[in-house]
Amino acid sequence: MAHRWTNDLTRNDATPEAAFFNRRQVMMGAAAGVALTGTSARAEEALEPNSWEDITQYNNFYEFGTGKEDPATYASALTTEPWSVTIDGLVDRPGDYDFKDIMAEMTVEERIYRFRCVEAWSMVIPWNGFELADLLAMAGVQNQARYVRFETLYRPEEMRGQNSSFIDWPYVEGLRLDEALHPLTIMATGIYDRPIPNQNGAPLRLVVPWKYGFKSIKSIVKITLTDEQPVNTWKQLQASEYGFFANVNPEVDHPRWSQATERKIGGGLFSPRQPTLMFNGYEEEVASLYEGMDLTRFY
Ligand code: MTE
């Protein structure tokens with residue numbers, strides 16, 4: 001399979017969840033009979049997405065509180081229309097890009113990705129979105145650009161968690177330019193062919209499937225092309241525990257827990273933990289980005 005991270009679905013196949021699962025079963029049937037073992041079996045297995053409820057009721061979005069149910073409880077207060085994204089820095093066409101104008105230019109497709117939080121839980125999520133590379137091309141990336149910096153909305157009247165100052169708001173993330181331009185890197189605007197709910201980062205959020213979930217910044221209002229490595233929120237908060245690269249790596253433990261295994265949300269209280277995959281299962285696609293880097297060191 002040339003494009004293992006995609007499948008044959010497009011936005012033209014608008015589907016309710018039930019029809020979606022039927023189609024997945026057909027696809028899984030086609031893959032049946034392939035005998036694999038251990039972690040390689042996990043890497044090759046057909047991805048069985050989590051339910052809409054799992055994906056939208058168990059979230060991290062500290063702008064709405066630190067509890068896993070806080071985002072689903074409080075994120076409806078966020079106004080997402082109108083919405084614009086400022087793209088500035090080392091670009092040919094800096095400016096405020098209206099979300100609707102962006103969507104008119106982008107090709108939205110479905111990507112079923114593993115999602116691995118640094119806290120050692122995981123899900124499989126059927127995102128709808130477009131490649132970040134296409135959005136950056138709209139603005140025209142200049143030659144000197146090396147990094148991309150992302151910022152979430154700051155609006156404490158609607159985001160109640162921002163009234164607490166344990167994070168220096170707004171939430172910030174960053175990618176190296178080659179990571180940002182990689183075809184696996186998307187801006188998600190939907191889940192299960194529905195608009196992305198507020199608690200998951202409406203109206204658009206980053207998804208970088210081979211990195212820990214905290215890199216996938218939500219509700220983005222600003223994107224800056226720069227020649228300096230941005231200081232991301234979690235690295236700023238606790239640099240001994242959270243890095244800039246934050247690539248999923250089962251062999252490098254978090255200082256306070258192992259990263260070798262993960263608990264898939266929705267599996268029930270007694271479901272066995274599953275092995276975590278190098279680069280979250282996307283090693284074939286992304287390992288070349290890190291040639292020459294010592295991946296056993298904490299990045
Ligand atoms: N983006 C913002 N703005 N604020 C956050 O608190 N949490 C991150 C990431 N993006 C976060 C964020 C973390 S820690 C994770 S694991 C994922 O969002 C969770 O995404 P999900 O709730 O859609 O599963």
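This is a short talk on the ligand site, one aromatic pair and some backbone features of this structure. Before anything else: what you are looking at is a predicted model.

I'll start with the ligand. There are 16 residues around it, and the ones that come nearest are Asn59, Tyr62, Glu63, Thr152 and Lys218. If you sort the shell by class, you get seven nonpolar residues, six polar and three charged. As for where the ligand sits, the space it takes is the second largest pocket.

Next, some distances between the ligand and polar atoms of the protein. On the ligand side, two of these involve oxygen and one involves nitrogen. An oxygen of the ligand lies 3.3 Å from a polar atom in the backbone of Asn60. With Arg205, the side chain is involved: one of its N or O atoms is 3.0 Å from a ligand oxygen. For Ser216 we are back to the backbone, where a polar atom is 2.9 Å from a nitrogen of the ligand. How much of the ligand's accessible area does the protein cover? On its own the ligand has 530 Å², and 99% of that is covered by the protein.

Now the aromatic rings. Searching the whole structure gives 14 aromatic pairs. I'll show one of them, Tyr58 with Trp121. Why does this pair count as edge-to-face? The ring planes are at 90°, with the centres 5.1 Å apart, so the pair falls in that class; the cut-off for it is a plane angle over 60 degrees. In the chain, these two residues are 63 residues apart, and the pair links distant parts of it. Tyr58 is in the loop between helix H3, residues 52-57, and helix H4, residues 70-74. Trp121 belongs to strand S5, which runs over residues 121-131.

Last, the backbone. There are cis peptide bonds to point out. One joins Glu81 and Pro82, with omega at about 0°. Pro82 is found in the loop between H4 and strand S2, residues 84-89. Another cis bond joins Ala202 to Pro203, and here omega is about -5°. Pro203 is in the loop that runs between strand S9, at 194-195, and strand S10, at 205-207. S10 also takes us back to the ligand, through the side chain of Arg205.

One phi angle to finish on. Ala120 is not a glycine, yet its phi is positive, at about 75°. You'll find Ala120 in the loop between strand S4, residues 109-116, and S5. S5 is the strand that holds Trp121 from the aromatic pair.

Key
Residues numbered from 1 in each chain as written. Predicted model: local features only at pLDDT ≥ 70, side-chain atom pairs only at ≥ 80, totals over all residues. Heavy atoms only, no water. Near = heavy atom within 4 Å. Polar contact = N/O pair within 3.5 Å; in protein donor to acceptor, adjacent residues only side chain to side chain. Areas by Shrake-Rupley, 256 points an atom, 1.4 Å probe, with all protein chains shown as cover. 1 Å grid on protein atoms, 1.4 Å probe; cavity = no way out; pocket = protein on both sides within 12 Å on 5 of 7 lines; lining within 4 Å. Sits in = over half its atoms within 2 Å of the grid points. Nonpolar A, V, L, I, M, F, W, Y, C, P; charged D, E, K, R; others polar. Phe/Tyr/Trp six-rings, centres within 6.5 Å; stacked < 30°, edge-to-face > 60°. Helix = DSSP H or I, 4+ residues; strand = E, 2+ residues; numbered from the N terminus.
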